[in-house]
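User: Hi! I've just opened this one and would like a friendly tour. Please start with any term I'll need.

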Amino acid sequence: MTRLQHRVYELTVGQLAERSGVAVSALHFYESKGLISSRRTAGNQRRFSRDTLRRVSFIKVSQRVGIPLSDIRDALATLPEERTPTVEDWARLSEAWRSDLDARIRQLERLRDDLTDCIGCGCLSINRCALANPYDRLGDEGPGPRRLLENRAAEAAPVAGAAPAAGAAHDEQCGSPCGPEG
């Protein structure tokens, strides 16, 4: 890793990538989305202030816990003059995200617990499959592969006398839109 001199106040995109562990293309993407900013030299090269490194770290940590980039951008926009987040800022912002993260954790725990009963497309466990049809919500809409029937109806009206689509017999028995290979 390149050792930056103490008196260097700006980083090139390559230096920022190396120091942050984020690809140059990701830094360009972050900049295009307004998460970070740079100034341009006379030769049109990007220069980032050193505090952008902390901002990129904030973005990485936030993404790692599952915060969408749009929420990260909105959070960073609340900071005065788009400054780098402080410890206090992180505490405030992370507290605001806590309930959403708790809900996602509960959802993932339910998914993990229900996964044991799943065998893929649900053919042998359709009555219990929480992944294909949570709480049998689609059962109230009628018999058959409800998702598949909705998709087919939206794509095109059936032609009278036409042969059923490949996999339709399987889907009718299964009740899950897993396709002909299921």
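Analyst: Happy to! When I say helix, I mean a DSSP run of H or I with at least four residues, while a strand is a run of E with at least two, and both are numbered from the N terminus. Keep in mind that this is a predicted model. With that in hand, here is a first detail: Gly21, just after α1, has a positive phi of about 80°.

User: Nice. How many helices and strands does the protein chain have?

Analyst: There are seven helices and three strands. Along the sequence they come in the order β-α-α-β-β-α-α-α-α-α.

User: Back to α1 then. Which of its residues are buried?

Analyst: Helix α1 covers residues 13-20, and its buried residues are Val13, Leu16, Ala17 and Ser20. Looking down the axis of α1, these buried residues fall within an arc of 100°, so they line one face of the helix.

User: And what do the buried residues of α1 pack against?

Analyst: They pack against two strands, β1 (10-11) and β3 (46-49), and against two helices, α2 (24-32) and α3 (52-64).

User: Let's look at α2. At what angle do the axes of α1 and α2 cross?

Analyst: Roughly 105°, with the axes coming within 9 Å. Angles of 65 to 115 degrees count as roughly perpendicular, and α1 and α2 are therefore roughly perpendicular to each other.

User: Which residues meet there?

Analyst: From α1 you have Val13, Gly14, Leu16 and Ala17, and they meet Val24, Leu27 and His28 of α2. Val13, Leu16 and Ala17 are also among the buried residues of α1.

User: Switching topic: how many salt bridges are there?

Analyst: The count comes to five. One of them joins Arg39 to Glu10, whose closest N and O atoms are 2.6 Å apart. This pair links distant parts of the chain, as Arg39 is in strand β2 (residues 39-40) and Glu10 is in strand β1, 29 residues apart.

User: Are Arg39 and Glu10 buried or exposed?

Analyst: In between. Arg39 is partly exposed at 41% relative accessibility, and Glu10 is partly exposed at 29%.

User: What about salt bridges inside a helix? Which residue does Asp89 pair with?

Analyst: Asp89 pairs with Arg92, and their closest N and O atoms are 3.6 Å apart. Both sit in helix α5 (residues 87-115), and because they are three residues apart, about one helical turn separates them.

User: Is Asp89 buried or exposed?

Analyst: Asp89 is buried, with a relative accessible area of 6%, because buried means under 20%. Its partner Arg92 is partly exposed at 43%.

User: Another one in α5, please. How far apart are the closest N and O atoms of Arg104 and Asp100?

Analyst: They are 2.6 Å apart in that salt bridge. Arg104 and Asp100 are four residues apart in α5, so about one helical turn lies between them. Arg104 is partly exposed at 25% relative accessibility, and Asp100 is partly exposed at 36%.

User: Last topic, the chain as a whole. What share of its residues count as buried?

Analyst: Of the 182 residues, 27% count as buried. The accessible surface comes to about 12300 Å², and carbon and sulfur atoms make up 52% of that surface.

User: And what share of contacts comes from residues 24 or more positions apart?

Analyst: Such pairs account for 49% of the contacts with a separation of 6 or more.

Terms used
Residues numbered from 1 in each chain as written. Predicted model: local features only at pLDDT ≥ 70, side-chain atom pairs only at ≥ 80, totals over all residues. Heavy atoms only, no water. Buried < 20%, exposed > 50% of the residue type's maximum accessible area, 1.4 Å probe, protein only. Arc of directions from axis to C-beta. Contact = heavy atoms within 4.5 Å. Salt bridge = Lys/Arg side-chain N within 4 Å of Asp/Glu carboxyl O. Areas by Shrake-Rupley, 256 points an atom, 1.4 Å probe, with all protein chains shown as cover. Axes fitted to C-alpha atoms, helices over the stretch in contact; angles between N-to-C directions. Parallel < 35°, antiparallel > 145°, perpendicular 65-115°, else oblique.
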